[in-house]
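Colleague: Could you take me through this model, with the cut-offs spelled out as we go?

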Amino acid sequence: MQVKFTKLEQALKVETLVLPFIEGEKELITEERLKEAVKPALALKDAKGKKGEVTLFYPAKEDVPKRIFLVGLGKKEEVAMEPVRQAYAAIAKKLVSMKIDTASVVVPEIERLRPADISGAVAEGIFLSDYSFNKYVSPEKEEDKYQPLKSITFVGNLSKGVKETVREKLIIADAVKYARDLQNDTADLVCPEYLAQQAKAIAKEHGLKCTVFNKKEIEKLGMGLLLAVNRGSSLEPRFIVLEYKGNPRSKDKTAILGKGLTFDSGGYNLKPTKFIETMREDMSGAAVTLGVIKGAARLKLKKNLVGVIPATENMIGSRAYKPGDIYKSMSGRTVEIGSTDAEGRLIMADALTYTVRTIKPDRIVDFATLTGAILITFGDLVSGVMTNEERLYEKLYEAGEATYERVWRLPIYDEYRELLKSDIADIKNLGGRPAGSITAAAFLEKFVEKTPWLHLDIAGVSWLKKERHYIPKNGTGTGVRLMVEFLKMI
Ligand code: BES
Ligand code: MN
Ligand code: ZN
């Protein structure tokens, strides 16, 4: 998609113009000719300016656009970033459904809000909603094919900062869609080696360092838990490390860990029908990690990042690991397998040990579709966060509010930690059904040692059954925007 900028006077002769309309505020439209053109529609009260309302009309006049969309933003005092994103998502979807691939969009001005913020929200609403995963669908007719937007012109007295923000939002939206594509594509393609190839491709494109460990090397590293989960798979595991040095003069670095479970059958604790069908989504953490690093590199973010991805399938078969087995982790701790379906914490544990011992980052943020329990807790709206560093959480919370990729903290208390005790090994990978998301985090915590750490359980937010505003159904890419915002804040 192309992004352009222009002043209102230059946008009067375009084919398609999108005008913001605030409930009860006709005066928002100050340009005389446009004011005249929209008058009849307003007089008939077809457009009221209600939140998310889309009105289309065709002013048969010279010197004004052929089509004008009015986009309702609701009452002035209620206008905020998220309603603006949602309203412009509605417009973008309308444009796409009408096969209009080019439009000029007048950016609303609201005194209370910073121009860069509101333009950013407009841009996000449009860019993020323009998405379709259709590479395997053969359209009956050429016109049935999804046609993405080609060119959006932002109209107004736009400062350099505003233009910069809009361009940034386009890069971030691309990173989100990259993550969505990885989540949505078939697990027959998106296997551990495919994730490794993606990391290498990002490294090549942006001159980053990428190290991929194969099975032999993973054995040498002593990652007994990643290997245990991999036993049932006919595909070798991969351990992927992707480094972005955006601030070479600083030693500070953030590790981003992503669960790369490319298909979770549950193993011998096999998932039943209705739970197994979408389990290619179990690499969403890896998709977020790759998306963030790709986005950060394209944005030239002045931060040092290390992406870490343990990648494997969790399958059944004569060699697969079994409930009651005991395996030795890279940390040296032995683990009793209470359930082969609690595999995420196993592969993440070895990734954490590698990270704290070899990378020694200043902080770790991990993204994992770790528990079904988090979906029961927050639905598909909020990521559950567990942490050993309150102050870091507060920043993440702020980033969550700013991006609307919201987070909420859950506690790890000693009583929860005790649920992981084993009689036959150092720790068990199962804490039972109560507080399932917390006991999973308590397991990870054992491998974090003293590094400041945020764990995001994204099993709820990674996948939608039904689209919501600018978030499509299936893979959502949730976490990418949150993390980029968080990185800018630290
Ligand atoms: N990958 C699943 C969690 C999940 C559930 C992701 C739904 C996305 C949507 C994870 O590996 C898992 O199976 N967790 C178990 C843990 C249990 C055995 C303690 C679960 O949540 O049931
Ligand atoms: Mn599982
Ligand atoms: Zn899983």
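**Two metal sites and a helix pair**

Modeller: Let's start with the manganese ion (ligand 2): its six donor atoms subtend angles of 73 to 171°, and the site is irregular. Six donors count as octahedral if opposite donors are over 155 degrees apart and all others between 65 and 115; four count as square planar on those terms, or as tetrahedral if all angles lie between 85 and 135 degrees, and anything else is irregular. This is a predicted model, in which local features need pLDDT of at least 70 and side-chain atom pairs pLDDT 80 or more, while totals for chains, interfaces and linings use all residues. Residues are numbered from 1 along each chain as written, chains are lettered from A and ligands numbered from 1 in the order written, and side-chain values use heavy atoms, without hydrogens and water.

Colleague: Thanks! Which protein donors does the manganese ion (ligand 2) have, and how far from it do they lie?

Modeller: Donors are N, O and S atoms within 2.8 Å of the metal (3.2 Å for Na, K and Ca); water is not among the atoms, so sites may look incomplete. Here they are Asp264 (OD), Asp341 (O), Asp341 (OD) and Glu343 (OE), at 2.1 to 2.2 Å.

Colleague: Is glutamate 343 buried or exposed?

Modeller: Buried means under 20% relative accessible area, exposed over 50%, and partly exposed in between (1.4 Å probe, protein chains only). Aspartate 341, at 23%, therefore counts as partly exposed. Glutamate 343 has 0% relative accessibility, so it counts as buried.

Colleague: What is the arrangement around the zinc ion (ligand 3)?

Modeller: Its protein donors are Lys259 (NZ), Asp264 (OD), Asp282 (OD) and Glu343 (OE), 2.0 to 2.4 Å away. The six donor atoms subtend angles of 79 to 178°, so the arrangement is octahedral.

Colleague: Which residue coordinates both the zinc ion (ligand 3) and the manganese ion (ligand 2)?

Modeller: The two ions lie 3.1 Å apart. The residue that bridges them is aspartate 264.

Colleague: How do the axes of helix H4 and helix H14 cross?

Modeller: Helices (H or I, at least four residues) and strands (E, at least two) are DSSP runs, numbered from the N terminus. Axes are lines fitted to C-alpha atoms, for helices over the stretch in contact, with angles from 0 to 180 degrees between N-to-C directions. The axes of H4 (residues 160-184) and H14 (residues 480-489) come within 9 Å and cross at roughly 135°. That makes H4 oblique to H14.

Terms used:
Parallel < 35°, antiparallel > 145°, perpendicular 65-115°, else oblique.
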